[in-house]
Amino acid sequence: MASQKWTGYHLLVFILTFMSYAFFHATRKAFSNVKDTLQKEWTPHNNTYDLKPFTKWNSVHFFKNKDSAALFLGAMDTTFLSTYALGLYISGALGDRFNLRKVLSLGMCLSAIMVFMFGTASKWLGIYNIWYYGVFMALNGFFQSAGWPSSVAIMGNWFGKSSRGFVFGLWSACASVGNIIGAFEAASVLNYGYEYAMMLPSVILFAGGIIVFFCLVPSPADIGLPMPCEDDSTEEERQPVFSDTEGDNQQQPYPNRAPYSLPDTLFQSSSVTPKENKKAIGFCQALLLPGVIPYSLSYACLKLVNYSFFFWLPYYLSNAFHWKDTVADELSTFYDIGGIIGGAIAGFITDSMRSRAPVVVTMLILSIGCLFGYKSTGSNYKLNVGVMTLTGFMIGGPANLISSAISADLGRQPSLRGNSEALATVTGIVDGTGSVGAAIGQILIPIINNYNKGAWADVFYFLMIMTFMSFVCIIIPPTIEFFRRLCFPPRYVYDESAASSLIHSEDERINASPTDSFKA
């Protein structure tokens, strides 16, 4: 296994991409945390709550009752996930055609503006209109979709396959860290009004976009560093995916320099670029790459399960065990903690094994048992938290691997070497399909729960089925290939011309004189 020498640039790229997507998630969590306040402020005063001052809580009659407000807020979640899923397919393709740094930075800044217009400007301007909120939430989902494909593609450019599992396992914790940051940001200013709870994360996201634009280096080749090796390939296949040169022509962009010294041309003009124009792969071509469709469908089922816990776990704990909302919110974070640990450990194991599918398949099978066990877990705090963390470990681990490390592997497989870019496009396809599954899940979960009058057992059985389907989507292609080779073994065709050429070359070598052989 070839080793990769890391530099300060690798650490800088890790931190910048990690925090950029964490800031994206912070804005989502902030909206989730202000929903209760929005519901109360948008509806007439309810005598059940002693809300003061009286004029503040009765000046707006956006909805007649809290049920209508809750339905609208749920529709905003669906709107966000729908445009987010659609945007992933588009932004992934854009990331392979334009500068990844600019795509990521622009997505951060535009998303920050949408969040500000949705939650802050509307309150200051006194705008209470369904279409206003719907348009800005839809645009927010679309612009946020630029975050994940671009970030994964940049990380894939810097970190090779030999360490990608562990590095991406740690890096994929950015979503959970963003949720924690968003919760703290919202809680710190929510008492001043929900508009400030939406403004703070949007300002931080916008500032992060500016920093990314000026500080992030999307590829080692941009500053004269070598591209990482794909260690499971042959020497020929280890050449950079994003290079148009072949064979001996593949050299460092700046020869006769120290490997990690910056070229003078970078300080002379931003228009001087050592790389040639690269051809981006088409959407259909990326979709038909080996492994993309199976892992996309698998992630759609798995992200449905993962996001069901993200959205519904606090609600489940409050309603099933009658715990306080604050307690339910705090304990639900252990599911995220389990996912963070699971992603890092699973990534480390896959790097050691040099194969990711066996680890993912094993964890998916074990997660079905964890879901069954958690369904039967009672209201004991310690037992519930323990099984919850284990469930997050088994579900969040594979989810983090598929959405990051495996997506990067699929986007840099040997069949793409030498003439095309596909990292961002493939990542967009995988995560976009997963977001479609997550959006469908948010519609089905309340329907299943209400069908049997709040029986959560049916919901857990549904999640077990979807986890099993995630396993099936991964295991079917190699199973079909195994039986195909078993029933129809490959036939070896005798090539007479090749054989004659080989015999002729061997005869010439035998007939050569010892002097000629010595000279050669």
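**Caps, pairs and buried charges**

Author: Asn-380 caps the N-terminal end of helix H15, where one of its side-chain oxygens lies 3.2 Å from the backbone nitrogen of Lys-382. This is a predicted model, and what follows is worked out from its atoms.

Reader: What makes the approach of Asn-380 to Lys-382 a polar contact?

Author: The oxygen and the nitrogen are 3.2 Å apart, and a polar contact requires a pair of N or O atoms within 3.5 Å, so this pair passes the distance test.

Reader: How do you know what span to expect for H15, and what does the helix reach?

Author: Helix H15 covers residues 381-411, which is 31 residues, and the expected span is 1.5 Å times one less than that number, so 45 Å is the value to set beside the 43 Å from its first C-alpha to its last. The two are close, although H15 does bend by about 40 degrees at Ile-402.

Reader: How many residues of H15 are buried?

Author: The count is 24 of 31, and H15 is therefore described as mostly covered, with each buried residue under 20% relative accessible area.

Reader: Why is the meeting of Glu-41 and Lys-123 called a salt bridge?

Author: Their side chains come to 2.9 Å, N to O, and the limit for a nitrogen of Lys or Arg and a carboxyl oxygen of Asp or Glu is 4 Å, so the pair qualifies. Glu-41 belongs to helix H2 (residues 35-41) and Lys-123 to helix H5 (residues 100-125), so this salt bridge ties together parts that are 82 residues apart in sequence. A search of the whole structure finds eight salt bridges.

Reader: Are Glu-41 and Lys-123 buried or exposed, and how do you know?

Author: Glu-41 has 4% relative accessibility and Lys-123 has 17%; buried means under 20%, and therefore both residues count as buried.

Reader: What links Lys-303 and Asp-431?

Author: Their side chains meet in a salt bridge of 2.9 Å, N to O. This pair links distant parts of the chain, with Lys-303 in helix H12 (residues 292-321) and Asp-431 in helix H16 (residues 423-451), 128 residues apart. Both Lys-303 and Asp-431 are buried. Ser-435, which also has its place in helix H16, makes a polar contact with the side chain of Lys-303 through its own side chain, at 2.9 Å. Ser-435 is called buried because its relative accessibility is 1%, where the limit is 20%.

Reader: How far apart in helix H17 are Arg-484 and Glu-481?

Author: They are three residues apart within H17 (residues 456-487), which means about one helical turn separates them. Their side chains meet in a salt bridge of 2.7 Å, N to O. Arg-484 has a relative accessible area of 42% and Glu-481 has 30%; these values fall between 20% and 50%, so both residues are called partly exposed. Elsewhere, Glu-41, Lys-123 and Glu-195 are joined into one network by salt bridges that share partners.

Reader: How many aromatic pairs are there?

Author: The count comes to 39. Among them, Phe-62 and Phe-72 lie 5.9 Å apart, centre to centre, with 75 degrees between their planes.

Reader: What makes the pair of Phe-62 and Phe-72 edge-to-face?

Author: Centres must lie within 6.5 Å for rings to pair, and planes over 60 degrees apart count as edge-to-face, so 5.9 Å and 75 degrees satisfy both conditions. Both Phe-62 and Phe-72 are buried. Phe-116 and Trp-124 form another edge-to-face pair, at 5.8 Å and 80 degrees. Phe-116, at 25% relative accessibility, counts as partly exposed, and Trp-124, at 47%, does too.

Reader: How do you know that the charged end of Arg-28 sits over the ring of Tyr-84?

Author: The charged end of Arg-28 is 4.7 Å from the centre of the Tyr-84 ring, while the distance limit is 6 Å, so the distance condition is met. The charged end of Lys-375 likewise sits over the ring of Phe-372, 5.0 Å from its centre.

Reader: Why is His-10 called buried?

Author: His-10, in helix H1 (residues 8-33), has a relative accessible area of 6%, and because this is under 20%, the residue is buried. The side chain of His-10 reaches the backbone nitrogen of Thr-7 at 3.0 Å.

Key: Residues numbered from 1 in each chain as written. Predicted model: local features only at pLDDT ≥ 70, side-chain atom pairs only at ≥ 80, totals over all residues. Heavy atoms only, no water. Helix = DSSP H or I, 4+ residues; strand = E, 2+ residues; numbered from the N terminus. Buried < 20%, exposed > 50% of the residue type's maximum accessible area, 1.4 Å probe, protein only. Bend = angle between axes of the 7 residues up to and from the residue. Polar contact = N/O pair within 3.5 Å; in protein donor to acceptor, adjacent residues only side chain to side chain. Phe/Tyr/Trp six-rings, centres within 6.5 Å; stacked < 30°, edge-to-face > 60°. Lys NZ or Arg CZ within 6 Å of the ring centre and 35° of its normal.
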